[in-house]
Structure formats: C-alpha cells, structure tokens
Amino acid sequence: MRLAVILILAGVVLWCSTARADPDAWMAPAAPAGTAESKLGEGFALVEKQDWSGAEAAFREAIRLRAEFPEAWNGLGHALRQQKKYEESVKSYEEALRLRPDYPQALEYLGEAYVEMGKVDAAREILGRLRALDPGEAGELAKAIDHGGK
C-alpha cells in the first residue's frame, strides 16, 4: 500500500502551477527541466529508489524554486521521516498543510510521524480530522496507530 501511495504522489509531477485553483487540473506529462515540478518529479523518482537523502535534496530544490508548493513540502516531510528526522519532517508536513489545509496525504503522513515519535494521542487527533476528508488515508493512519500505539 505504501508503494501505491508513493505512486499517487508521483502523479503530482504533472501538477500545473496554474491548477492551484482547480486541484483536478493537470498539465502535460513532462515538466520542463529546471522547474519546481521537474525537481518534484526527481524527488519522487528517488523515493521509488528509497534514496531518502537524494529525495530530500530534490524536494528542497523544488521548494527553493517555488516556496508555496505543498506537494514538495509533503515529499520533503516524507523523505525526512524516512531518515528519522522527525521534528523537521513534522515542520514540513505543517507547512504543506498551511498551504493546503485539507491535504489528506500530508495529514496521514503527519499522523504517522507522530506515531513514530511516540505521540499517539496527537496521531489520533489527526485521524479524527482525516476520517472526514479521506477514508482511505484514514485507514492507513489507523493501521499505523494500531501498530505503533501498542
């Protein structure tokens, strides 16, 4: 299931900067080289290879090119969490959520970070919010809580 989530994230590579008002709008498959979107795509490709430090660098570059890019902040949070840099990953998820408050995947990942940090009550609070937004992501977080909260 984790791979499926990552593959869904990879679809964000296609995200058009003009699609911010319409989250379902997509651009052509290839983002121009050197853009925030292309760096996001590089980050996702490195996530697929589990190259967490490389993914971190690519997501940071995407953010440098476009600071208000919630998908890049979420990807950065994921790469940091995989490296057990929990405090920094939480800050990245929080920034993604500041930019896009009802971002289900960022909420789910934030909840997982809390579980990994031993903050199960905080993860349960996230789960309550997530259930209304995305039952699938909520199910993933509920599993993490069940496994990590024992």
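## Exercises on a predicted model

Tyr 109 is buried in this predicted model, with a relative accessible area of 0%.

**Exercise 1.** Classify the ring pair of Tyr 93 and Tyr 109 from its geometry.

*Solution.*
- Step 1. A pair of aromatic rings is described by the distance of the centres and the angle of the planes.
- Step 2. For Tyr 93 and Tyr 109 the centres are 6.0 Å apart and the planes stand at 55°.
- Step 3. Planes over 60 degrees apart count as edge-to-face and those under 30 as stacked; 55° falls in between, so the Tyr 93 and Tyr 109 pair is tilted.
- Step 4. Tyr 93 belongs to helix 5 and Tyr 109 to helix 6, 16 residues apart, so the pair links distant parts of the chain.
- Step 5. Tyr 93 is also buried, at a relative accessible area of 0%.

**Exercise 2.** Check whether the length of helix 3 (residues 52–65) agrees with the expected span.

*Solution.*
- Step 1. Helix 3 has 14 residues, and the rise is 1.5 Å a residue.
- Step 2. The expected span uses one less than the number of residues, which gives 20 Å for helix 3.
- Step 3. The end C-alpha atoms of helix 3 are 20 Å apart, which agrees.

**Exercise 3.** Decide whether Asp 102 is buried, partly exposed or exposed, and find its contacts.

*Solution.*
- Step 1. Asp 102 lies in the loop between helix 5 (86–99) and helix 6 (104–116).
- Step 2. Its relative accessible area is 48%; because exposed means over 50% and buried under 20%, Asp 102 is partly exposed.
- Step 3. Leaving aside neighbours within four places in sequence, Asp 102 contacts Arg 129 and Leu 133.

Note on methods:
Residues numbered from 1 in each chain as written. Predicted model: local features only at pLDDT ≥ 70, side-chain atom pairs only at ≥ 80, totals over all residues. Heavy atoms only, no water. Helix = DSSP H or I, 4+ residues; strand = E, 2+ residues; numbered from the N terminus. Buried < 20%, exposed > 50% of the residue type's maximum accessible area, 1.4 Å probe, protein only. Contact = heavy atoms within 4.5 Å. Phe/Tyr/Trp six-rings, centres within 6.5 Å; stacked < 30°, edge-to-face > 60°.
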